[in-house]
Amino acid sequence: MRIALLGYGTVGSGIGRIVETHDLGIEIAKILCLPKECDEPRKTSSYDEILAEPGLDVIVEAMGGQEPAHTFIMQALERGISVVTANKAVVAAHLGEFVGAAKASGAGLYVEASCGGGIPWLASIAKVKRIDAIDSFSGILNGTTNFIIDQMKKNDEDFSEALSRAQELGYAERDPSADIDGIDVANKCIITASLAFGCDCIRDLPVFGIRNLTAADLAHYAYEGYGVKLLARGICRDGRYAVAVEPVLVPSDSLEANVPDNFNIATLEGATVGPLKFYGQGAGSLPTGNACVQDLLDCRDGNQLTFDLDPSITYDPELLTGDYVIRTTAAFPQGGTAFGIGSKRYKGLTADAAHKLMRTIVADDPSAFMACIPTTL
Ligand code: HSE
């Protein structure tokens, strides 16, 4: 199998190392990089040269970001060249367009590495769906934020110190706001829901990150018997679905509360299989590279995920409700009950309603924080 790599950063170099140290029958024929990095014959800064390369089986997009990744993926798919990508931002934004182009040309579209790094999360969803409808999923799908929370808890580090280390270790996005404001998880949530529920998942789902989480919040939640984790959650019932990304209070003795470092954990629920949990490295060069190489092997073997994106499966925010704990120095909305000093608990809100409420509060108190205590999931 002859492939081209677009980008040789964290993910691209991980793919390179795995391919070069394992006898998988994969040859890296071309590498797209910046002109100043073109220091060997395989490297080029011209995408046209890559598209013109004879006998190329797959293009692996490992650049990240929207453009030119989106254009390059479309050009490959339209020419019938299969694409492997780890780029959750571009996949979440253009999934329908990519699926359509791949279908029209007969090319394959492989996106395992876009959700959960080295964890075979999407492949497992596809496997479960052969028998069960998937009713719900939830997951810690961002290594950087899990690492930050874990470091704050274990080492009494402050937020920015823990974030800097996540950046040094190669977990964090180029713009860390994507991690700490929940955008990265939202992208993974969109891709997961699209596959698990077969819906054309909304893009403007409720998203609230952990930027305002403090050591005092962590201590307070621990006193109440909880850990806090940034979770993607989705639920599907009778042709309707809801999704949200937000800090969630999980019982201190749960698996989720005890996920360390940059690990991810993702759970799904199927009617006959029951709950399944998948735990592993959600970020980093080799785990993400591993998922891309698995996709290459699936492409060689003719296996690929099917995204249905059925528009008749509709978004219904009423499906995802919970209690919400809000900490603010601004005026509290009516109706809450005390939840420790400086916080109140609001019962039975939809994620949509809680996030709308929080937008008003944050306008007055930019350091306010909110976490969900789930009742439906
Ligand atoms: N920044 C992401 C994370 C990388 O920390 O999980 C993997 O998607």
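Colleague: Which strands does helix α11 lie across?

Modeller: This is a predicted model, and in it α11 (residues 285–301) lies across β1, β4, β5 and β6. Its direction is at about 160° to β5.

Colleague: And what would you call that angle of about 160°?

Modeller: Roughly antiparallel, because about 160° falls in the class over 145. Helix α3 (residues 69–78) runs at about 150° to β5, so that angle, too, goes with those over 145. Helix α3 lies across β1, β2, β4, β5 and β6.

Colleague: How do you know that β4 and β5 are paired?

Modeller: Pairing takes at least two bridges, and four join β4 (residues 58–61) to β5 (residues 82–85). The two strands run parallel. For one pair to look at, take Val60, whose bridge partner in β5 is Val84.

Colleague: What makes β3 and β6 the edges of the sheet?

Modeller: The sheet is open, with the order β3-β2-β1-β4-β5-β6. β3 (43–44) and β6 (109–110) each have a single partner strand, so one side of each is left without a neighbour in the sheet.

Colleague: Why is α5 called roughly parallel to α9?

Modeller: They pack at an angle of about 20°, and because angles under 35 degrees count as roughly parallel, the label fits. Their axes are 9 Å apart, and the crossing is right-handed.

Colleague: Which residues of α5 and α9 meet there?

Modeller: From α5 (residues 121–129) come Trp121, Leu122, Ile125, Ala126 and Lys129, which meet Ile191, Thr192, Leu195 and Ala196 of α9. By class, that contact has seven nonpolar, one polar and one charged residues.

Terms used:
Residues are numbered from 1 along each chain as its sequence is written. This is a predicted model: local features need pLDDT of at least 70, side-chain atom pairs count only at pLDDT 80 or more; totals for chains, interfaces and linings use all residues. Side-chain values use heavy atoms; hydrogens and water are left out. Contact means heavy atoms within 4.5 Å. Axes are lines fitted to C-alpha atoms, for helices over the stretch in contact, and angles run from 0 to 180 degrees between N-to-C directions. A crossing is left-handed if the near helix is turned anticlockwise from the far one by less than a right angle, and right-handed if clockwise. Ala, Val, Leu, Ile, Met, Phe, Trp, Tyr, Cys and Pro count as nonpolar, Asp, Glu, Lys and Arg as charged, and the others, Gly among them, as polar.
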